[in-house]
Amino acid sequence: MLRIEMLGAYVTRPPTADLCLVCLECHAVQLIENPALRVIYTDAIGRRFRLAATPVEAGGLCATCADAASV
């Protein structure tokens, strides 16, 4: 399980999730793979650093909410 800090909620985390997109309007969550962020995790592991918080969270508006807001 993955805790979404922005929402105070939990979702099932796929092993390839690096980035968590959170809609600040409807609270939809998209967990996506992002190779650029994976480099951060790989570098941390290589330095024997155990990350406590993953994936990175980013808040904004999903396509549906963004379209509704522009009307």
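This text walks through a predicted model, starting at one aspartate and moving on to salt bridges, cysteines, a surface patch and two backbone angles.

Begin with Asp18. This residue sits in the loop between strand 2 (9-11) and strand 3 (19-23). Is Asp18 buried or exposed? The relative accessible area of Asp18 is 2%, and the cut-off for buried is under 20%, so Asp18 counts as buried. To see what surrounds Asp18, look further along the chain. Leaving aside residues up to four places away in sequence, Asp18 touches Ile32, Glu33, Asn34, Pro35, Leu37, Arg38, Tyr41, Pro55 and Val56. Leu31 can serve as a check on how the chain folds back here: Asp18 and Leu31 are 13 residues apart in sequence, and their C-alpha atoms are 7.2 Å apart in space. One contact of Asp18 can be described at the level of atoms. The side chain of Asp18 reaches the backbone nitrogen of Asn34, at a distance of 2.9 Å.

Asp18 also leads to the charged residues. Which residues are linked with Asp18 in a network of salt bridges? They are Glu33 and Arg38. Within this group, the side chains of Arg38 and Glu33 meet in a salt bridge, with N and O 3.6 Å apart. Arg38 is partly exposed, at a relative accessible area of 29%. Glu33 is partly exposed too, with 46% relative accessibility. The network therefore joins a buried residue, Asp18, to two partly exposed ones, Arg38 and Glu33.

How many salt bridges does the count come to? It comes to 4. One of them joins the side chains of Arg3 and Glu5, with an N to O distance of 3.5 Å. Arg3 is partly exposed, with a relative accessible area of 34%, while Glu5 is exposed at 52%. The limit for exposed is over 50%, which is why Glu5 falls in that class. Another salt bridge joins Arg47 and Asp43, whose closest N and O atoms are 3.2 Å apart. Here Arg47 counts as exposed, at 62% relative accessibility, and Asp43 as partly exposed, at 41%.

Next come the cysteines. A disulfide is a covalent bond between the sulfur atoms of two cysteines. How many disulfides does a search of the whole structure find? The search finds 0. Cys23 is in no disulfide, and the nearest cysteine sulfur, in Cys65, is 3.6 Å away. Why does this pair not count as bonded? The sulfur of Cys65 is 3.6 Å from that of Cys23, which is too far for a bond, because a disulfide needs the two sulfur atoms within 2.5 Å. Both cysteines are buried: Cys23 has 3% relative accessibility, and Cys65 has a relative accessible area of 13%.

Now turn to the surface. Met6, Leu24 and Leu61 make a nonpolar surface patch of about 290 Å². Leu24, one of these residues, lies in the loop between strand 3 and strand 4 (29-32). At 52% relative accessibility, Leu24 counts as exposed.

The loop that holds Leu24 also holds His27, and this brings in the backbone angles. Most residues other than glycine have a negative phi, and most peptide bonds are trans. His27 has a positive phi of about 70 degrees, although it is not a glycine. The relative accessibility of His27 is 46%, so His27 counts as partly exposed. Where is Arg48 found? Arg48 is in the loop between helix 1 (35-46) and strand 5 (56-60). Arg48 is likewise not a glycine and has a positive phi, of about 60 degrees. Arg48 has 81% relative accessibility and so counts as exposed.

To go over the main points again: Asp18 is buried and belongs to a salt-bridge network with Glu33 and Arg38. Cys23 and Cys65 are buried as well, yet the search finds 0 disulfides. On the surface, Met6, Leu24 and Leu61 make a nonpolar patch. Finally, His27 and Arg48 each have a positive phi.

Notes: Residues are numbered from 1 along each chain as its sequence is written. This is a predicted model: local features need pLDDT of at least 70, side-chain atom pairs count only at pLDDT 80 or more; totals for chains, interfaces and linings use all residues. Side-chain values use heavy atoms; hydrogens and water are left out. Helices (H or I, at least four residues) and strands (E, at least two) are DSSP runs, numbered from the N terminus. Buried means under 20% relative accessible area, exposed over 50%, partly exposed in between (1.4 Å probe, protein chains only). Contact means heavy atoms within 4.5 Å. A polar contact is a pair of N or O atoms within 3.5 Å; within protein, one must be able to donate a hydrogen and the other to accept it, and residues adjacent in sequence count only if both atoms are side-chain atoms. Patches are made of residues with over 30% relative accessible area and no salt bridge: like charges are joined within 9 Å, nonpolar side chains (Val, Leu, Ile, Met, Phe, Trp, Tyr) within 5 Å. Accessible areas come from the Shrake-Rupley method with a 1.4 Å probe; for residues, only the protein chains shown count as cover.
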